[in-house]
Amino acid sequence: MKSKNEALIIVDVQNDFVSGGALEVKEGESVVPVINKLQEEFQFIVATQDYHPENHGSFATNHPHKNPGDFILLGGLNQILWPVHCVQESNGAEFHPDLEREKWSAVFQKGKNPQVDSYSGFFDNARRGDTGLGDYLKYHGIEKVYVTGLALDYCVKFTALDAKSLGFDTYLVADASKAVNLNTSDDEKALEEMKEAGITVIKSNELLKSH
Ligand code: VGL
Ligand code: ZN
């Protein structure tokens, strides 16, 4: 069992990010049994949920003549456009049905402001809006975080980078995360970027074999 100052962060394990979903991560659902096993080890677990209004500026359909993969300026930031995904109250925004939720302390929703995208579970991409996750973890005495979920090259990466920047000892559990890989080896690049920031990349069995 991990100690009380260690948290598991489960990022965006939602129907739209697994096989057949609107913004499919190939074999995204393969992280579910790994994350469920990890949850048994933790006393403190939080999850994030991508939760967009229909008019969200990251949706290609909300911009004339634009397609998913195109870039625009959104709130002054370079923004890649996505298919419509994780719309509030839709099935695609729901957590994967096999994902255990009994032990979760809280869920942090993000991406609600139509004017800015929000990959990290802590801040929006402009770092203006704050979900409260950082203060919540600190209030509960958390010092060490293990980041898991979807997608490795977007929301997982930015959540881990923000955790590290906020002073948490940050671990990325590689086999508990999968990438969208719009470009080949985006997953490798994401892992490198995280390592360079001082995040420790581990495998789930390193967390499980301690007993
Ligand atoms: C995500 C793209 C857009 C993610 C969310 O959860 O990684 N990616 N919205
Ligand atoms: Zn999104």
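**Notebook: sheet, helices and ligand shell**

I began with the main sheet, which is open and has 6 strands in the order β5-β2-β1-β6-β7-β8, paired in parallel. I then looked up its edges and recorded β5 (104-110) and β8 (200-202), each of which pairs on one side only. Neighbouring strands of this sheet are turned by 25° against each other on average, with direction ignored. I note here that the model is a predicted one. As background, I wrote down that the strands of a sheet pair through backbone hydrogen bonds, either parallel or antiparallel.

**Entry on one strand pair**

I checked how β2 is joined to the edge strand β5. Strand β2, residues 44-50, pairs with β5 in the parallel sense over 6 bridges. Within this pair, I found Ile-45 opposite Trp-104 of β5.

**Entry on the helices**

Next I asked which strands helix α1 lies across. Helix α1 (residues 31-39) lies across β1 (6-11), β2, β6 (144-150) and β7 (169-178), and it runs at about 140° to β7. Helix α3, residues 152-165, also packs on the sheet, where it touches β1, β2, β6 and β7. The direction of α3 makes about 170° with that of β6.

I then compared α3 with helix α4 (residues 186-196): their axes come within 10 Å and cross at roughly 5°. An angle under 35 degrees counts as roughly parallel, and α3 and α4 are therefore roughly parallel to each other. On the α3 side, the contact is made by Leu-152, Asp-153, Lys-157, Ala-160 and Leu-161. On the α4 side, I listed Asp-186, Asp-187, Ala-190, Glu-193 and Met-194. Sorted by class, this contact of α3 with α4 has 5 nonpolar, no polar and 5 charged residues.

**Entry on the hairpin**

I turned to strands β3 (residues 71-74) and β4 (residues 77-80), which pair in the antiparallel sense over 4 bridges. They form a hairpin with 2 residues between them. In the turn, Gly-75 has a positive phi of about 55°. I looked up two facing pairs: Leu-74 stands opposite Leu-77 in β4, and Ile-72 has Gln-79 of β4 as its bridge partner.

**Entry on backbone details**

Where does Glu-27 lie? I located Glu-27 in the loop between β1 and α1. Its phi is near 55°, a positive value in a residue other than glycine. I also found a cis peptide bond joining Leu-150 and Ala-151, with omega at about -10°. Ala-151 is placed in the loop between β6 and α3.

**Entry on the ligand**

Which residues surround ligand 1? I recorded Asp-12, Phe-17, Leu-23, Asp-50, Trp-82, Leu-150, Ala-151, Tyr-154 and Cys-155. Leu-150 and Ala-151, the residues joined by the cis peptide bond, are thus among those around the ligand. By class, I noted 7 nonpolar, no polar and 2 charged residues in this shell.

**Entry on the record**

Finally, I consulted UniProt, where an unreviewed entry lists residues 7-205 as "domain: Isochorismatase-like". In the model, the end C-alpha atoms of residues 7-205 lie 17 Å apart. I noted that this span is 22% helix and 24% strand.

How values were computed. Residues are numbered from 1 along each chain as its sequence is written. Chains are lettered from A and ligands numbered from 1 in the order in which they are written. This is a predicted model: local features need pLDDT of at least 70, side-chain atom pairs count only at pLDDT 80 or more; totals for chains, interfaces and linings use all residues. A residue is near a molecule or strand if its C-beta atom, placed from the backbone, lies within 6 Å of it. Ala, Val, Leu, Ile, Met, Phe, Trp, Tyr, Cys and Pro count as nonpolar, Asp, Glu, Lys and Arg as charged, and the others, Gly among them, as polar. UniProt positions are given in the numbering used here, feature names are shortened, and annotations may be inferred rather than shown by experiment. Two strands pair if DSSP finds at least two bridges between them. Axes are lines fitted to C-alpha atoms, for helices over the stretch in contact, and angles run from 0 to 180 degrees between N-to-C directions. Two residues are in contact if their C-beta atoms, placed from the backbone, lie within 7 Å. Angles under 35 degrees count as roughly parallel, over 145 as roughly antiparallel, 65 to 115 as roughly perpendicular and the rest as oblique.
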